[in-house]
Every structure is written in structure tokens, then in C-alpha cells.
Amino acid sequence: MEQLLPHDERIHWILDKGARLLDGGAEPVSGVILPTGESFPDPFDGSPEAVQRLLKRVVKHAGLSDVPIEGKLVMPEGEMASGGCASGACGVPSAAPTQVSRVETIGEGYRVNILANELGNPVILLTAMVRAVSHIFLQEAELASVFGREDYEHGIDLAGVWLGFGSLLSNGAYVYRKG
């Protein structure tokens, strides 16, 4: 018989870490966030101002409006700005920054680095922002130590789900590009 649920070890990890996140304040402040005009009513044209508005919206949904967080558009060295075909898939690197740290501490706040090539795909852009803000949440709530080095990335995703961004993270987990 095919097993549809994760193995017991993974289920225990999810329940243990999820409970610790909940005890630490992880909750969907704005409810379940969906990729709709209701959750994201601001127009988006790819401009630096639009990127800042979108990031502020994600920060607000996460309940972190009191934390100084700014966005910065970056172009990593050697990366191409856009694809060579109409789909945008050709020559476009992955959403994960290779030479640029996604989140940097600056003074009392944070800077979220957004790769310029992420602007062309709203799913990748929003997933990157949600994961960055979830990382910041773990830092601010002093919950980063709940996760070891080997499972910290999974912890970021679990925190994002608890903050109400599960649908957005799920969308970002499956981004298919040809070629």
C-alpha cells in the first residue's frame, strides 16, 4: 500500500517545531494569505516603489510592521537580467540567490535583497519575499535556534505556513521552467 503521509519521524518534527513556533508567537495575523487582489491590492509595475509596497504588504501580513525592513533590488555579478525567449524561462537563473544574501541586518532592522530577475515572475518574487520575512520573523521572535543548521530552510517554510503564507509557499514550491 502506498504511503500518502510523511514518515513518522517527519510528522513528529512538524508537530514539535510547529508547536514551538506557535508558543513563540507564530500565527496568521492576517488570516490565510492568498495570491489575490484582496490580499495584494496594490498595483505592481516592477518599479522599485512597487517592490517596496509589495514587501511592506508581506511584512504587514506577517505582523512585523513595527520592524524596520527595506527592500533592495540587486543584480548579482554574472547573472542575466532576462531570458532569451518569450516564456521568460530561457537563461533565467533560479529564485535562490547565489552570490547575494537574501536578508541582511542593518542597524536595528533588515534589508531584503530582491534579485532583479525575480521581478518577471510574480510567484517567484512573492515566494522570495515571504521566505525572507519568515526568516526575519524567526530572528525577531528569537526562534531561529529552534532549528538546526540542517533544517533551518525547512524551518523558514514552516514559519511561513504558520504566519498564513502556506498557499504562496506551495505555489512557489512548484515553478516549472522549460529548457
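## Leucine 54 and its neighbours

L54 has a relative accessible area of 14%, and buried means under 20%, so this residue counts as buried. Keep in mind as you look around that this is a predicted model. L54 sits in helix α2, which covers residues 48-61.

What does L54 touch, leaving aside residues up to four places away in sequence? Its contacts are F40, F44, L125, L126 and M129. Take M129 as one of these: 75 residues separate it from L54 in sequence, yet the two C-alpha atoms are 8.6 Å apart in space.

## Strand β3, enclosed

Now let's move to strand β3, residues 109-115. Seven of its seven residues are buried, so the strand is largely enclosed by the rest of the structure.

You can follow the side chains along β3 in two sets: G109, R111, N113 and L115 point one way, while Y110, V112 and I114 point the other way. Both sets are buried.

## The partners of β3

Which strands does β3 pair with? One is β1 (residues 69-74), which runs parallel to β3 and is joined to it over six bridges. Within this pairing, E70 has R111 of β3 as its bridge partner.

Another is β2 (residues 103-106), paired with β3 in the antiparallel sense over four bridges. Here T105 is matched with Y110 of β3. β2 and β3 make up a hairpin, with two residues between the strands. If you zoom in on the turn, you will find G107, whose phi is positive, at about 60°.

Terms used
Residues are numbered from 1 along each chain as its sequence is written. This is a predicted model: local features need pLDDT of at least 70, side-chain atom pairs count only at pLDDT 80 or more; totals for chains, interfaces and linings use all residues. Side-chain values use heavy atoms; hydrogens and water are left out. Buried means under 20% relative accessible area, exposed over 50%, partly exposed in between (1.4 Å probe, protein chains only). Two strands pair if DSSP finds at least two bridges between them. Contact means heavy atoms within 4.5 Å.
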